[in-house]
Amino acid sequence: MTGKEIRERFLKYFADRGHTIVPSSNLIPKNDPTLLFTNAGMNQFKDLFLGHEKRDYVRACSSQKCVRAGGKHNDLENVGRTARHHTFFEMLGNFSFGDYFKKEAIAFAWEFLTGDLGLDKNRLYVSVYKDDDEAARIWHEQEGVPLERIYRFDEDNFWSMGDTGPCGPCTEIFWDNGPETGCGSPDCAVGCDCDRFMEIWNNVFMQFNRDESGAMTPLPKPSVDTGMGLERISTVMQGVTSNYDTDLLQGIIRHVEKLSGKRYREDEKDDVSMRVIADHSRATTFLICDGVLPSNEGRGYVLRRIMRRAARHAKMLGFSEPLLCHMVDAVTDIMGDAYPDLLQRGEYIRKVVRAEEERFAETLDNGLRILNDEVASLKKEGKAVIPGDVLFRLYDTYGFPADLTADIVRNDGFTIDEAGFEACMERQREQAREHWKGSGEERVSAVYRELANRGLRTTFTGYDERTAYSVISALLRDGNPVEEAHEGDEVDLITEVTPFYGESGGQAGDRGEISTGGAHLEVFDTKKPIPDLIVHRVRVKQGTVRVGEAADLKVASDDRNATARNHTATHLLQAALRQVLGDHVKQAGSLVDHERLRFDFTHFSAMTPQELQRVEDLVNLYIMDNSQVTAREMEIEKAMESGATALFDEKYGDTVRVVRVGEVSAELCGGTHVHASGDIGSFKIVSEAGIAAGVRRIEALTGMEALRHTRRLEEDQKRIASLVKAEGGDTVEKVIRLVNRQKELQRELDTLQARLNASKSADLLAGVREVGGVKALAVKVEIDDPKGLRELADTLKDRVGSGVIAIGAEKEGKATLLVAVTRDLTSRFKAGDLIKGLAPVIGGSGGGKPELAQAGGSRPEKLDEALEKLYELLG
């Protein structure tokens, strides 16, 4: 039975028993800042289990795509080396939200395994929590499992969502792979660390609520959360003992065989590389499809680590050209039926992967050479730990994640100095060391959840109205409910009805004013922390406002109109970009407010001036067409069938709002818009730049802001023309002549400086000393620019031939130090290390590469002392 057939049979089994089939959620968790990636089937149902959300079903099943890598799951080095470690996997699950419980869940699991899949009952074992007599009794009396095949465990069979909240015992089902796969110990049984008894299904029974004190009370509606790894059950059904031997991964491995000309199972070292590439290809393809892009922080850094580990293993197999981009097709061929987004975004995924592979290829060989030299040097010294500063240099300069370096040196018996690496990150790369902060979405304040649970709702009337009359239903100061607020207070205010748009979907919240009989309030922002609840951020300008009072609400119309212009313009911009650049363009983020618009989109190179002009022209043509803008609520299926564009990683309800601009654009959108495209007035692009691999950003203006921008440019042009005394419209020609003249003067200055340096170096060389058999020179000079210092250092290195040079200079009350080491000595002395020893003397800090490093400080009077210290460090 193939993995595809198992997946389909599982979903059908539970659908036939009243379960709603719920599609897999995105790998980027929504509304859960505790998670880096979706890593279990229950993630998308978390709010259901917690009682924060209600849906129109109480039974569900799914096949959830999952990634476990980074955070506490930081065991990349094991992927490819064991039978069951993966970064990407699928989790089959059935769920009950206060409906059925232990008896039914156990019956479902047993019937599916032994009935639908036909597994041998004599090779199945179960475990239960040590005190869960109920589950043990159900297994024995209801399903007929012999008592000797029912094991009781402690913490391994008790699950909790966190330190507090829903928790409960679980029961696991194990498959006996046979004694030939075990450790051979006579005591080998369920719970042994060997491969014989493999867990295939876990049923969690959430029946308690644990409070801050640790006390547990029964839940009024116990729930069930189960998970069965598709890869694991596939090994059972296909009679193999490694996940990599199932059809889910063998198709990808065969593709590696075809491209490499090597055969799987002929060389263990090559086998590891093939398994790494197979697993990492799946993770890479799915993560990029779901919106993650390679970067140096957060999820993007985990993806980069996965991709670069795969690229290194590709090189070990003999590939000199990018391989991973060719693996995308193998993944989509196998998984595309179950996950059609892979097919729709295949070209985009391949381009992102190729771009990252080419970027890493530029530094891979140099980084490996540096690492090999370091390993050889450490072996001579009898050491077996790669220092933290070397790890950091490989990371910072050559793009080697620390765990990739650890993976490379593992076969040489080396480990890495992780603490030293982290210290370097702390000291020199503060931004890069910032760890992922979960989903990046704001954690929804518990107080808003509590208000919603009490039935508090806000009806939004702002699509049609700019004013409203309502009642104040809540006031909050610093997240705490209050009954009243006074002049000068800043509070959150909630009403039963509001015309104010709460920030969401990339659109900024409205501003305006609220008045009661005894108070006047300025609304400086509006938020929408959860669906159906709109929160006004207000400042009490006069009087006292109280809960229960009637209030007049008035949106700032000029700001709302400007925001609407910008929002509709983003829709037209996306349509124009797709027409000019291609269908691979997808929205990757946006921001619209009353001043400007910002639109992030997927594309792989900087736009040319001609492309930008064409896009700008198209948007303005759409505006001049003055097409009607309409908004209509539709069922999600009908909206998608009609051709409306949706954000691929957004979670939509059953009913959506479709905004159309004539025949040009149709998007799922909850924002506010103009009535006709001509209301936008005009559109002007002010910048286009890259913000991440494969993602570009356009910033633009509309209406009066676009006009003001054009006027500013005209004023700048007039000022430049006046400064260069341009007449008759020849401003550009005059500026070109001035720039060319400046370049000529700079070349003349550089030539004179080089002659001066050569002359100085002859005098300076008289100060060369020999320390421990090494030539050393530490001198103070009167050169006030860094480039001049570097050129002098190069000249002195050439004249010395082999040695260490330190140069100090003072400029405007600041001290500068530069250390240069000739290449033949960098294995003994590194410029970066030396500068760290000198910089504190001048009250500063610095760093650099093995051959050249620089530091600055605030104590120029200490330059002589710092330079003299060089000889001490070399001695």
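## Basis of the description

Contact here means heavy atoms within 4.5 Å. The structure is a predicted model, and two open sheets and the helices packed on them are described below.

## The six-stranded sheet

An open sheet of 6 strands follows the order 29-30-31-32-34-33, and its pairing is mixed. Strand 29 (769–771) and strand 33 (844–848) are the edge strands, each pairing on one side only. From one strand to the next, the twist averages 20°. Strand 29 and strand 30 (residues 774–780) run antiparallel and are joined by 3 bridges; Val771 stands opposite Val774 in strand 30.

Helix 21 (residues 786–800) packs on this sheet, where it touches strand 30, strand 31 (804–811), strand 32 (814–821) and strand 34 (852–857). The direction of helix 21 makes about 155° with that of strand 31. Helix 23 (residues 863–874) lies across strand 29, strand 30, strand 31 and strand 32, and runs at about 175° to strand 30.

## The four-stranded sheet

Another open sheet consists of 4 strands in the order 22-23-28-27, with antiparallel pairing. Strand 22 (587–592) and strand 27 (683–692) are at its edges; each has a single partner strand, so one side of each is left without a neighbour in the sheet. On average, neighbouring strands of this sheet are turned by 15° against each other, direction ignored.

Strand 27 is joined to strand 28 (residues 695–702) by 8 bridges, and the two run antiparallel. Within this pair, Glu688 stands opposite Ile698 in strand 28. Helix 17 (residues 609–625) lies across strand 27 and strand 28, running at about 135° to strand 27.

Definitions and conventions
Residues numbered from 1 in each chain as written. Predicted model: local features only at pLDDT ≥ 70, side-chain atom pairs only at ≥ 80, totals over all residues. Heavy atoms only, no water. Pairing = 2+ DSSP bridges. Axes fitted to C-alpha atoms, helices over the stretch in contact; angles between N-to-C directions.
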